[in-house]
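Thanks, everyone, for making the time this morning. I would like to walk you through one structure, and I will ask you to keep it on the screen while I talk.

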Amino acid sequence: EAQSLRRINIAILDTAQMVPARLVPDSRRLSCLLPLLLLALPAILCQLLGSRPGAAFAGGPLARWLTAKPMLPNGVVAPCRCTPDVLLQEQPGSSEQLSYDWRERWYAVCFEENAPVRGARKPNSVSIFDEPLVLFRDREGRLSCLEDRCAHRAAKLSEGQVVDGQLECLYHGWKFEGCGRCSSIPQLDASIPKAATRRGYPVEVREGIVWVYMGISDASTRKSPPVSADDLDKHTGFDTYSFQVDLPYDSTFLAENLLDPAHIPVSHDATPGGGKKANAQPLAMEVLETTSEGLKGRFRNTRRKDPSVEGPWTSLDLEAPGIVRFRANPKPGLVFGAALHCMPLGKGRARLLFRIYSRFPGALGLIVKLRNLKPNFLRHLSSCVILEQDAGLITSQEDRIRRTGLSPKADWLPLKTSDTMLVAYRRWLDRVGHGMPHYIGWGRMSAGG
């Protein structure tokens, strides 16, 4: 600091010496130097503050000038040269690749209530990373999943119908069993070639969710589908609310949005199920663990009624392949959790399986149960309003990345007090994206995003 002040003083004296002495009477030399000292005062304070000019001039023109991102030709924003303490910094070792294979994963394709029922003639069409699948019930009433492509001429089997537990192609009537074996070809009197068999995928139902495994691991070695920490199959007494919806943007943008609790009071101000803008505030956020299986973190409010009492943490995790989990346990017996499944239907398309669950003791639990008597279609309407409020913002983000080719790292200004988890997620994608068909990470992305 002494050296910095010395440099500034020398600069001031040099500037003062530029004024011819004969033009300034001795009695007025001080009045000449005073304006120069006032002009140099902001620079002196910035030298003393080091890399934190905004701390002294928050919101002022000097702070905006010092922290502004310079513009390059064609309106492209260059990386900010000023990095105040509030900005997220790179972490040592965070760019090392992690082992990952997108196929060796379970994917939540739908809630069981949205799956085909036994005897239903219409199968369900779905896709994972743009690979088309078809879901139907076989002769025993078990859910079956096949690649959605007839062996004959590649027509979609989901356009057909289920007849006696077999999936019939609408084009020429070829029939397929739940295991994928072709059982009938009306135009063929000879034996059916083995090449007519379609690939089948393992299916399991856990916590009321239909899971499909995309890999080839043997049943004895592959893991079971992931479940919430409270395992709703084993523990009863929870009040739950669930819905699913397909969305017109990439699943990574959906997960990023759900890992961002800071946006809720602003984007969903005065919206049922949303928040209040007055509650927008800096958040304490921590990333506790990063592995190939995802992220574990937590957050809490920084504004409290009693500053001497620390507020409770809410856990916020990202579980591969794209499950955002919240869990809060502020008081004994009181639990609130959320499992938000962000399924990659394909590039620019996602499916959200939204579920929240809670358990409240005593009179509070009774109030919650009375509130849950509200018809589901009304609750769905409120949920759709929230999704619509986010949709325009999220699609504008995605469009800009695809249009400019700029990574989030090159284009965004993330804050420690709001963006820690979502940036950690994008950095995680940098490390596991090599094992995915396509991805957009923090500093890297696949060809075409």
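I will go through the cavities, then the salt bridges, and finish with a patch on the surface.

Before anything else, please keep in mind that this is a predicted model, and that the values I quote are computed from it.

Let me start with the inside. How many cavities of 30 Å³ or more are there? The count comes to 3, and the largest cavity holds about 110 Å³ of space. Of the 14 residues that line the largest cavity, the closest to its centre are F129, S251, T252, P321 and Y425, so you may want to bring those five up on the screen first. If we ask where the lining comes from in terms of elements, α5 (251-258), β17 (334-346) and α10 (420-432) each supply at least two residues, and α5 has the largest share, with 3 residues. By class, the lining of the largest cavity is made up of 9 nonpolar residues, 4 polar ones and 1 charged one.

The second largest cavity has a volume of about 60 Å³, and its lining includes W106, Y107 and A108, together with W211. Also on the list are P321, G322 and I323, and then H341, C342, M343 and P344. The elements that give two or more residues to this lining are β1 (106-111) and β17, and of these β17 gives the most, with 4 residues. In the lining of the second largest cavity, 9 residues are nonpolar and 2 are polar, while no charged residues are found there. For those following by residue, P321 is among the residues closest to the centre of the largest cavity, and P321 also lines the second largest one.

Now to the charged side chains, where the model has 21 salt bridges, of which I will describe a few. In one of them, the side chains of R103 and E131 meet at 2.2 Å, N to O. Why does this pair tie together separate parts of the chain? R103 lies in the loop between α4 (61-67) and β1, whereas E131 is in strand β3 (residues 131-137), so the pair joins parts that are 28 residues apart in sequence. R103 counts as partly exposed, at 25% relative accessibility, and E131 is likewise partly exposed, at 23%.

A second pair is R298 with E286, whose side chains meet in a salt bridge at 3.0 Å, N to O. This pair links distant parts of the chain, with R298 in strand β14 (residues 294-301) and E286 in strand β13 (residues 283-291), 12 residues apart. R298 is partly exposed, with a relative accessible area of 27%, and E286 counts as partly exposed at 30%.

In a third pair, R304 forms a salt bridge with E310, the closest N and O atoms being 3.8 Å apart. Here R304 is partly exposed at 28% relative accessibility, and E310 is partly exposed with a relative accessible area of 49%. Elsewhere, salt bridges that share partners join D138, E140 and R142 into one network.

Finally, the surface. L366, L370 and L373 form a nonpolar patch there, with about 340 Å² of accessible area together. L366 lies in helix α7 (residues 362-371). Is L366 buried or exposed? With a relative accessible area of 52%, L366 is exposed, because exposed means over 50%.

Technical notes. Residues numbered from 1 in each chain as written. Predicted model: local features only at pLDDT ≥ 70, side-chain atom pairs only at ≥ 80, totals over all residues. Heavy atoms only, no water. Patch = residues over 30% accessible without salt bridge, like charges linked within 9 Å, V, L, I, M, F, W, Y side chains within 5 Å. Areas by Shrake-Rupley, 256 points an atom, 1.4 Å probe, with all protein chains shown as cover. Salt bridge = Lys/Arg side-chain N within 4 Å of Asp/Glu carboxyl O. Buried < 20%, exposed > 50% of the residue type's maximum accessible area, 1.4 Å probe, protein only. 1 Å grid on protein atoms, 1.4 Å probe; cavity = no way out; pocket = protein on both sides within 12 Å on 5 of 7 lines; lining within 4 Å. Points joined across faces, edges and corners; volume = space filled by probe spheres on them. Nonpolar A, V, L, I, M, F, W, Y, C, P; charged D, E, K, R; others polar.
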